[in-house]
Amino acid sequence: MAPSATENVANGSGKIPFDTFQNVINGKLVDTEKTRTGINPANKKANAPVPVSTEKDVDDAVKAAKAAFKIWSRTTKEERKKSILGFSAALKQHREEFAQLLTKEQGKPLAMAQSELDSASYWLDTTANLELPDVTEEETDERKVITRYTPLGVVAGIVPWNYPIQLAIGKIAPALVTGNTIIIKPSPFTPYCDIKLIELAQKFFPPGVIQVLSGDDNLGPWLTAHPGIDKISFTGSTATGKKVMESASKTLKRVTLELGGKDPAIICKSVDIASVAPLIATFAFLNSGQICLALKRIYIHESIYNEFRDAMVAFAKGLKVGDGTEEGVFLGPIQNSMQYERVQTFFDDIEKQGQKVALGGKVPDSGGYFITPTIIDNPASTSKLWVEEPFGPILPIQPWSDEEDVIERANDTLMGLGASVWSSDLDEAARIAERLDAGNVWVNAHLELDPKFAFGGHKESGIGSEWGISGLKAFCNIQTLYLKKK
């Protein structure tokens, strides 16, 4: 059966159904011969069918994006801004429908799904108002030299399963405001919200400007290898990021890679334990630990180690685990069976190594992919848990006493995405923070991101940066224009 298309979905009131799911190619809803289903991780039941795109679908989407680019790239910044702000307003109107769908496909608690929708709208609104003007570098009687930032062309945005709406918008907004066109590829585990997100966008953008393709494991490689795509914006694991970069190199595509993290927090002896310990646990177990920037290694000054550990344990004991639709749940399920099984390997190693479990531990299989928050007391620095990223709610902690030593230990990782320092002595905190090898470092905070500022990783946590002015530049070519006056 050949793919079929409906009427252009840019018509109408902007209302969209949330029970059917199709690709969006050239402004039209397109079915595919084959479909697949995602799984609700809270009960392991199948969700609705979604498309499995073919190579022809990829070709069709790229062709439409290239045609749309010729027009969209020549629109004014004000026209693009108006479209993005209109899209944002419509997303706010559909906040509850998207939040319910997000909890159903991703598993996170409903309140956190609502927060993700609010953050996505803020990202759209803020990015639409960022400016990237031409810069006059020199002007004499003889010549004028201008630096310009021109759009790259067709972007493929490859989105992970932990924050499917937020991270899709984090690619869509800067790509479109700089005059590019974009094709979104959701994770096969969480395709639903991104499909509806792009369907909603059709009311505000010309056909081909923003499209979505759902698929299986073949779709990503088809996109990264396609000669008609000019840039890949990828968020996901470091291992997959390396494959994306290798594939993109064959056609010299531009790439931005936001990859894994192994974020340390350094807790100094002057902190207020009662207020800081719950924050550290929160930043470790938020979204069931399924955040690249979640805290994953905690260094606690030896003089407060036992008291701080016990305060973290006491707080984490009260965190409710369960279906994200239930009242008061803080930790939903691990999003998919593959990741659930990976997290279980860390528990296997904990048991094998005889590590001290301060809280939690391995849990039996249940109706969903649930894991209780777990704190491991002072495992070896060479252990699997200390070195690798579990991407689940398992947190190792260690004591420290010497500042030089703890800085060296915090930097002793292949990752470099985020880090934080906690101290009542702000000079001490700043001194330590400036020496941490990570792209995003906070003092007495963590995970405070903003679309006005650059976000990127050091070492194997990524290539390039997203968001802020530097993020806009990542979607542009730089052109130096030499204008003779005589």
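**Buried rings, a buried lysine and two nonpolar cores**

Colleague: Let's start with Trp467: is Trp467 buried or exposed?
Modeller: This is a predicted model, and in it Trp467 has a relative accessibility of 6%. The cut-off for buried is under 20%. At 6%, therefore, Trp467 counts as buried.

Colleague: How many aromatic pairs are there, and what kind of pair do Trp72 and Phe205 make?
Modeller: The count comes to eleven aromatic pairs. For Trp72 and Phe205, the ring centres are 5.6 Å apart and the planes meet at 70°. An angle over 60 degrees is the criterion for edge-to-face, so this pair is edge-to-face.

Colleague: How many residues apart are Trp72 and Phe205 along the chain?
Modeller: Trp72 belongs to helix H1 (residues 55–72), while Phe205 is in the loop between helix H6 (192–201) and strand S10 (210–212). Trp72 is buried at 3% relative accessible area, and Phe205 counts as buried at 3% as well. The pair links distant parts of the chain, with a separation of 133 residues.

Colleague: Back to Trp467: what is the angle between the planes of Trp123 and Trp467?
Modeller: Trp123 and Trp467 form an edge-to-face pair with their centres 5.0 Å apart, and the angle between the planes is 75°.
Colleague: And how many residues separate the two?
Modeller: Trp123 sits in helix H4, and Trp467 in the loop between strand S24 (465–466) and helix H15 (468–473). Trp123 is buried, with a relative accessible area of 4%. This pair, too, links distant parts of the chain, and its two residues are separated by 344 residues.

Colleague: Which residues form a cluster with Trp123 and Trp467 through ring pairs?
Modeller: Trp123 and Trp467 are two members of a cluster linked by ring pairs. Their partners in the cluster are Tyr122 and Phe455.

Colleague: Which ring does Lys108 lie over?
Modeller: Lys108 is in the loop between helix H3 (95–106) and helix H4 (110–128). At 2% relative accessibility Lys108 counts as buried, and among the residues it touches are Glu116, Asn162, Tyr163 and Asn287. The side chain of Lys108 reaches the backbone oxygen of Asn162 at 2.9 Å. Lys108 also lies 3.4 Å from a ring centre, over the face of Tyr163.

Colleague: Which ring does the charged end of Lys231 sit over?
Modeller: The charged end of Lys231 is 4.9 Å from the centre of a ring. That ring belongs to Phe475.

Colleague: Now the interior: which element gives the largest share of the largest nonpolar core?
Modeller: This core has 58 residues, and those with the most contacts inside it include Phe98, Ile169, Ile172 and Phe205. Elements giving two or more residues to it include H1, H3, H4 and helix H5 (164–177). The largest share, nine residues, comes from H5.

Colleague: How many residues are in the second, separate core?
Modeller: Within the largest core we met Ile172, which is in contact with residues including Ile182, Leu197 and Ile210. The second core is separate and includes Ala277, Ala281, Ile298 and Leu331, and its size is 29 residues.

Colleague: Which elements do the buried residues of H2 pack against?
Modeller: The 17 residues of H2 should span 24 Å at 1.5 Å a residue, and the end C-alpha atoms are 25 Å apart, which agrees. Its buried residues include Lys77, Arg80, Ile84, Phe87 and Leu91. The buried residues of H2 pack against H1, H3, H4, H5 and H6.

Notes:
Residues numbered from 1 in each chain as written. Predicted model: local features only at pLDDT ≥ 70, side-chain atom pairs only at ≥ 80, totals over all residues. Heavy atoms only, no water. Helix = DSSP H or I, 4+ residues; strand = E, 2+ residues; numbered from the N terminus. Buried < 20%, exposed > 50% of the residue type's maximum accessible area, 1.4 Å probe, protein only. Polar contact = N/O pair within 3.5 Å; in protein donor to acceptor, adjacent residues only side chain to side chain. Contact = heavy atoms within 4.5 Å. Phe/Tyr/Trp six-rings, centres within 6.5 Å; stacked < 30°, edge-to-face > 60°. Lys NZ or Arg CZ within 6 Å of the ring centre and 35° of its normal. Core = buried A, V, L, I, M, F, W, Y, C linked by side-chain atoms within 4.5 Å. Expected span 1.5 Å × (residues − 1). Lists of a residue's contacts leave out its neighbours within four places in sequence.
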